[in-house]
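Let's walk through this structure together, one local feature at a time. Keep the model open as you read, so you can look up each residue as it comes along.

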Amino acid sequence: MFDVLIIGGGVSGISCALVLGSAGTKPFAAAKKIGVFTHQKASSLQDAVFNNAYGIPAGKLGSELLTESTAQLAALYPQVIQLPEIKILRIEGEYPHFTLFANDGTTYEAQNIVIAIGAGNPFTIAGLEEYVMPHQKANPAKNRLQLRNSDHLVKPGIYVSGTLAGWRSQLPIAAGSGASVATDILTAWNGGEPVQIHDSTRVKP
C-alpha cells in the first residue's frame, strides 16, 4: 500500500514528487511510501523549448527536462519509487483505499492519488467520469478537459495538478501546482499543521 501515488511524469507530477521526497527526513513523512508513474511519451514537453521560464536557461528543451527531472528525483530522493512505462487505466475505491489498474495487468493500492497527466481529450482514466468537464481556461477550440476540483482536491484522497486541474499551460504554473498539492499532502500528514519544505545555504546552529 502506497501512502501516495502520483500519475504522470511531467512538470506537475515530478514537481509534486520532488517536494514530497524532500520531506523524507521529517518525522511525519519518514515512513511514508511514495510512488510516481513516470510514463512520459505523451507529455507536451516532448516538443517544447523554453525561453521564458524562471530559473531555466533559455533554449532548454522540454525533452531534456523530462530526463533530467527524473534523474534528479532518483539522485536526491531515492526513497520515491519511480514506476516507468506504466499507464493507469482505471481507478476504483474511496479514501483511504484506492486500487489502480495498469495497462500491463498489474494493480496498485494507495491511500492518496495525485493525477498529473495532461488536459487532452478524451480523459483516459476510467472511474472519475463524473468529475470530467470542459477546461475553463483553455481555448475552447482546443477542446481540452479538466477535473472538477476545489483547490486541487477532486474528492477525499484524490488530487489533481497542472493543466488537468484547470490551470493554463505554462511550465511555472504546472510546477507550482504540483508543489502546492505536495504541501497539502504533507500538511495532512503533519496533523494539519502547515508544512513548507525549504533548503537553505545558512548553517543551522
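What follows is a short tour of a predicted model, with stops at a strand, a histidine, some salt bridges and a few backbone details.

## Strand E1 and its partners

A good place to start is strand E1, which spans residues 2-7. Six of the six residues of E1 are buried, so the strand is largely enclosed by the rest of the structure.

E1 has pairing partners in E8 and in E2. With E8 it pairs in the parallel sense, over five bridges; here leucine 5 has isoleucine 113 of E8 as its bridge partner. E2 also runs parallel to E1, and four bridges join the two. In this pairing, valine 4 stands opposite isoleucine 34 of E2. If you follow the chain from E1 through H1 to E2, you trace a right-handed β-α-β unit. As a reminder for viewing, side chains in a regular strand alternate between the two faces of the sheet.

## Histidine 135 and its surroundings

Next, please turn to histidine 135, found in the loop between strand E9 (132-134) and strand E10 (145-147). Its relative accessible area is 10%, and because buried means under 20%, this histidine counts as buried.

Which backbone atoms lie by the polar atoms of the histidine 135 side chain? One is the backbone nitrogen of alanine 138, 3.1 Å from a polar atom of that side chain. Another is the backbone oxygen of tryptophan 167, which lies 3.2 Å from a polar atom of the histidine 135 side chain. Leaving aside neighbours within four places in sequence, histidine 135 is in contact with Ala119, Arg144, Leu145, Gln146, Thr163, Gly166 and Trp167. Tryptophan 167 thus appears both in this contact list and, through its backbone oxygen, beside a polar atom of the histidine side chain.

## Salt bridges

How many salt bridges does the structure hold? There are five. One of them brings together the side chains of lysine 32 and aspartate 3, at 4.0 Å from N to O. Lysine 32 lies in the loop between helix H1 (11-22) and strand E2 (34-37), while aspartate 3 belongs to strand E1, so the pair ties together parts that are 29 residues apart in sequence. The partners differ in exposure class: lysine 32 is partly exposed at 28% relative accessible area, whereas aspartate 3 is buried at 11%.

The side chains of lysine 155 and glutamate 94 also meet in a salt bridge, with an N to O distance of 3.2 Å. Lysine 155 is part of strand E11 (residues 153-155) and glutamate 94 is part of strand E6 (residues 88-94), so this pair ties together parts that are 61 residues apart in sequence. Lysine 155 is buried, with 13% relative accessibility, and glutamate 94 is exposed, with 52%. Elsewhere, salt bridges that share partners join Lys60, Glu64 and Glu68 into one network. Within that network, the side chains of glutamate 64 and lysine 60 meet at 3.8 Å, N to O. Glutamate 64 is partly exposed at 33% relative accessibility, and lysine 60 is buried with a relative accessible area of 17%.

## Cis peptide bonds and positive phi

Some backbone details deserve a look too. Most residues other than glycine have a negative phi, and most peptide bonds are trans.

Where do you find cis peptide bonds? A cis bond joins tyrosine 95 and proline 96, with omega about 10 degrees; proline 96 sits in the loop between E6 and strand E7 (97-102). Another cis bond joins asparagine 121 and proline 122, again with omega about 10 degrees. Proline 122 is placed in the loop between strand E8 (107-115) and E9.

Glutamate 85 is not a glycine, yet it has a positive phi of about 60 degrees. This glutamate lies in the loop between strand E5 (81-83) and E6 and is exposed, at 53% relative accessibility. Histidine 152, also not a glycine, has a positive phi of about 80 degrees. The loop between E10 and E11 is where histidine 152 is found. Is histidine 152 buried or exposed? Its relative accessible area is 4%, so histidine 152 is buried.

Conventions: Residues are numbered from 1 along each chain as its sequence is written. This is a predicted model: local features need pLDDT of at least 70, side-chain atom pairs count only at pLDDT 80 or more; totals for chains, interfaces and linings use all residues. Side-chain values use heavy atoms; hydrogens and water are left out. Buried means under 20% relative accessible area, exposed over 50%, partly exposed in between (1.4 Å probe, protein chains only). A polar contact is a pair of N or O atoms within 3.5 Å; within protein, one must be able to donate a hydrogen and the other to accept it, and residues adjacent in sequence count only if both atoms are side-chain atoms. Contact means heavy atoms within 4.5 Å. Two strands pair if DSSP finds at least two bridges between them. A crossover is right-handed if, with the strands pointing away from the viewer, the path from the first strand over the helix to the second runs clockwise.
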